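Got your viewer open? Let's walk through this one stop by stop, selecting as we go.

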Amino acid sequence: MGSGEKVFVYEDLVKHKDRNDCWLLISGKVYNVTQFLEDHPGGDEVLLAASGKDATDDFEDVGHSDDAREQMQKYYIGEVDATTIPARRTYKAQTSTAATQQDEPGFLFKIIQFLLFDETMYPGRPPAS
Ligand code: HEM
């Protein structure tokens, strides 16, 4: 491992999520942004809200400039062991899938009901073949 680079575990993040000690996890890398809170153009609240978890989606959703990506190098303190990071969720995809799936059990149920009903209506009918 390179000079002074540390490997943290995901659980370490929850110990660094307040105004006096604020870390961000973005794309597997850890940034100590305590000194940057006041200067962040998007405000300190969003950074505090993004700490203590994987902030990759929050960071990317804003569409930060190359300049912002350059700036963050100053705050880099190490990496998080990838095996300790909970699986990333694609919130948007999940929301839309959940919305479309909502009717699905009902739909399936109707098919099953139809099949069963059909069987009850015509008991002992000869096999379809
Ligand atoms: C080390 C990490 C970060 C750095 C260095 C950084 C830097 C910057 C910079 C330089 C800007 C000005 C616009 C630009 O150049 O893109 C900005 C805007 C902004 N950032 Fe960050 N940012 C960081 C993390 C985050 C995170 C985790 C969030 C969470 C949502 C966030 C939310 C925002 C928002 C909302 C704006 C304002 C966009 C606007 O009003 O135009 N930033 N940030």
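Which residue is the bridge partner of Tyr31 in E5? Select Tyr31 and look across to E5: the partner there is Tyr76. Before you click further, keep in mind that this is a predicted model.

**Stop 1: the whole chain**

Zoom out and colour by secondary structure. You should find five helices and five strands. Starting at the N terminus, the elements come in the order β-β-β-β-α-α-α-β-α-α. The chain has 129 residues, and 13% of them count as buried. Take the contacts between residues at least 6 apart in sequence: 70% of those join residues at least 24 apart.

**Stop 2: the sheet**

Now show just the strands. They form an open sheet of five, ordered E1-E5-E4-E3-E2, and the pairing is mixed. At the edges sit E1 (6-8) and E2 (17-18), each of which pairs on one side only.

Select E4 together with E5 (residues 76-80). These two run antiparallel and share three bridges; the Tyr31 and Tyr76 pair from the opening belongs here, with Tyr76 in E5.

Next, swap E5 for E3. E3 and E4 are also antiparallel, this time with four bridges. Click on Leu24 and you'll find Tyr31 as its bridge partner in E4. Click on Leu25, and the residue standing opposite in E4 is Val30. While you're there, follow the hairpin of E3 and E4 round its turn, where two residues lie between the strands. One residue to check is Ser27, which takes a positive phi near 50 degrees.

**Stop 3: the nonpolar core**

Switch on side chains for Trp23, Leu24, Leu25, Ile26, Tyr31 and Ala55. These have the most contacts inside the largest nonpolar core, a group of 14 residues. E3 (21-26), E4 (29-32) and H1 each put in at least two residues, and E3 gives the most, with five. As a rule, nonpolar side chains in soluble globular proteins tend to be buried together.

Centre on Leu24. Skipping neighbours within four places in sequence, its contacts are Tyr31, Val33, Leu47, Ala50, Ser51 and Ala55.

**Stop 4: Ala55**

Now jump to Ala55, in the loop between H1 and H2. Is Ala55 buried or exposed? Ala55 counts as buried because 21 C-beta neighbours fall inside 10 Å, and the cut-off is 20 or more. Again leaving out neighbours within four places in sequence, Ala55 is in contact with Leu24, Leu25, Ile26 and Ala50. Try a distance check too: from the C-alpha of Ala55 to that of Val30 you should get 9.9 Å, for two residues 25 apart along the chain.

**Stop 5: the ligand**

Last, select the ligand and bring up what surrounds it. The shell has 20 residues, and the closest are Pro41, Gly42, Ser65, Ala68 and Met72. Colour the shell by residue type and you'll get 13 nonpolar, five polar and two charged.

Which helices each supply at least two residues of this shell? Highlight H1 (44-50), H2 (56-62) and H3 (66-72), since those are the ones to look at here: each supplies at least two. The largest share, four residues, comes from H3.

Notes. Residues are numbered from 1 along each chain as its sequence is written. This is a predicted model: local features need pLDDT of at least 70, side-chain atom pairs count only at pLDDT 80 or more; totals for chains, interfaces and linings use all residues. A residue is near a molecule or strand if its C-beta atom, placed from the backbone, lies within 6 Å of it. Ala, Val, Leu, Ile, Met, Phe, Trp, Tyr, Cys and Pro count as nonpolar, Asp, Glu, Lys and Arg as charged, and the others, Gly among them, as polar. A residue is buried if 20 or more other C-beta atoms lie within 10 Å of its own, exposed if 12 or fewer, and partly exposed in between; C-beta atoms are placed from the backbone. Two residues are in contact if their C-beta atoms, placed from the backbone, lie within 7 Å. A nonpolar core is a set of buried Ala, Val, Leu, Ile, Met, Phe, Trp, Tyr and Cys residues joined through C-beta atoms within 7 Å. Two strands pair if DSSP finds at least two bridges between them.
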